[in-house]
Amino acid sequence: MLTPRSLFQEILDHDEAFRLFCSVAAGGEAQGGWENGRIAALVPPAERGLAPRIARHGADEDKHGRIFRALLKKRGLEPVPVPPETDYTMLLERRGIGLAHERLCTDEPLTVEDIVVYLAHSRVTEQRACEQMRLLCRHFGDHPYMGRAMRMIARDEDNHLAYCHEELLRLAAAGYGRTIQRTLHACALAEIRVHRDVSLAVMARMGRVLGWSAVRSALLVAGIHAVYVHERLVGRRRMVTLRMPERRDALGGPASPAPEYA
């Protein structure tokens, strides 16, 4: 059956497929850690209060990268280079979404408008991350070595999303509402397209590794395109709406440690 559980179980049971999955995930998390670290260092004076929260966000992403690398180590596997067509973070940047790496490599302080772009980009991508981790937790939350890691990452992603909602609402009340909505919509449309492209690239590689039949691969491709159409038409609304989270100041403290995954 072509269910999320059956597909991921197949990946989990195959060393090369699992190595690709964890390598892609670790690469994206490490990139997110670097980006947040640079943004925290360049926060404009008017938003200095955000710097510790952005740094905490980056520390969480670094931790997630270590967790995925540790999962590989438990299996006696080494990471593989991330194929360019599966590099979600870089593909988004090429579409002009988020803050460009060239900008983050300078020492020039960011503007408040830059912070709006960063938070809108994070709000959209963290929505995706939360949904993916909730799916994995639902099916593998009790797995002997994957379960605890997935639950830990899922909690962090929920905190990241809550923080984005709260800070964007604060900035909207300060007069940036139209800019925020315009940026959110642009980010959501680009993310939906990039997510489709990355999903197709990952499934193509997984299909070759796992020896999927042409029929099975075609069904998965059709499913990915169907999700894309749905998200373009109605699904993106979940990525652009803002609401005050139940948990306030979700990134107000230090990053939670994960010593067993260090």
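Which residues does histidine 195 touch, not counting residues up to four places away in sequence? In this predicted model, histidine 195 touches Arg128 and Gln132. Histidine 195 belongs to helix 7, which covers residues 146–210. With a relative accessible area of 16%, histidine 195 is buried, because buried means under 20% relative accessible area.

The surroundings of this residue can be understood from the overall architecture. The chain contains nine helices and zero strands, and the pattern read along the sequence is therefore α-α-α-α-α-α-α-α-α under the helix and strand assignment used here. For 262 residues, a compact globule would have a radius of gyration near 18 Å, and the value of 18 Å for the chain agrees with this. The C-alpha trace spans about 55 × 45 × 35 Å along its principal axes. Of the 262 residues, 48% count as buried. The accessible surface comes to about 12600 Å², and carbon and sulfur atoms account for 57% of that area. Among contacts between residues at least 6 apart in sequence, 85% join residues at least 24 apart.

The interior is considered next. The largest nonpolar core has 45 residues, and those with the most contacts inside it are Ile39, Ile54, Ile115, Leu119, Tyr163 and Met206. Several helices each supply at least two residues of this core, including helix 1 (4–12), helix 2 (15–42), helix 3 (51–74) and helix 6 (112–140). Helix 7 gives the most to this core, with 15 residues. A second, separate core of 21 residues includes Leu12, Leu71, Met133 and Met150. Within the largest core, Ile115 is one of the residues with the most contacts. Leaving aside residues up to four places away in sequence, isoleucine 115 touches Ile39, Val43, Pro44, Leu50, Leu110 and Leu171.

Charged pairs add a further set of links. A search of the whole structure finds 18 salt bridges. In one of them, the side chains of aspartate 107 and arginine 38 meet at 3.8 Å, N to O. This pair links distant parts of the chain, since aspartate 107 lies in the loop between helix 5 (101–104) and helix 6, whereas arginine 38 lies in helix 2, 69 residues apart. Aspartate 107 counts as exposed, at 70% relative accessibility. Another salt bridge joins arginine 134 to aspartate 158, with the closest N and O atoms 3.0 Å apart. Arginine 134 lies in helix 6 and aspartate 158 in helix 7, so this pair ties together parts that are 24 residues apart in sequence. Arginine 134 is partly exposed, with a relative accessible area of 42%, and aspartate 158 also counts as partly exposed, at 32%.

A third pair consists of arginine 238 and glutamate 231, whose closest N and O atoms are 2.7 Å apart in a salt bridge. Glutamate 231 counts as buried at 6% relative accessibility, while arginine 238 counts as partly exposed at 24%. Through salt bridges that share partners, Arg128, Glu131, Glu191, Glu231 and Arg238 are joined into one network. Arg128 is also one of the residues touched by histidine 195.

Two further sites complete the description. Tyrosine 145 lies in the loop between helix 6 and helix 7 and counts as partly exposed, at 24% relative accessibility. The C-alpha atoms of tyrosine 145 and lysine 74 are separated by 8.8 Å, although the two residues are 71 residues apart along the chain. On the surface, Leu2, Val215 and Leu219 form a nonpolar patch with about 280 Å² of accessible area together. Of these, leucine 219 lies in helix 8 (residues 214–235).

Definitions and conventions
Residues are numbered from 1 along each chain as its sequence is written. This is a predicted model: local features need pLDDT of at least 70, side-chain atom pairs count only at pLDDT 80 or more; totals for chains, interfaces and linings use all residues. Side-chain values use heavy atoms; hydrogens and water are left out. Patches are made of residues with over 30% relative accessible area and no salt bridge: like charges are joined within 9 Å, nonpolar side chains (Val, Leu, Ile, Met, Phe, Trp, Tyr) within 5 Å. Accessible areas come from the Shrake-Rupley method with a 1.4 Å probe; for residues, only the protein chains shown count as cover. A salt bridge is a side-chain nitrogen of Lys or Arg within 4 Å of a carboxyl oxygen of Asp or Glu. Helices (H or I, at least four residues) and strands (E, at least two) are DSSP runs, numbered from the N terminus. Buried means under 20% relative accessible area, exposed over 50%, partly exposed in between (1.4 Å probe, protein chains only). Contact means heavy atoms within 4.5 Å. The radius of gyration is taken over C-alpha atoms; the globule rule is 2.2 Å times the number of residues to the power 0.38. A nonpolar core is a set of buried Ala, Val, Leu, Ile, Met, Phe, Trp, Tyr and Cys residues joined through side-chain atoms within 4.5 Å.
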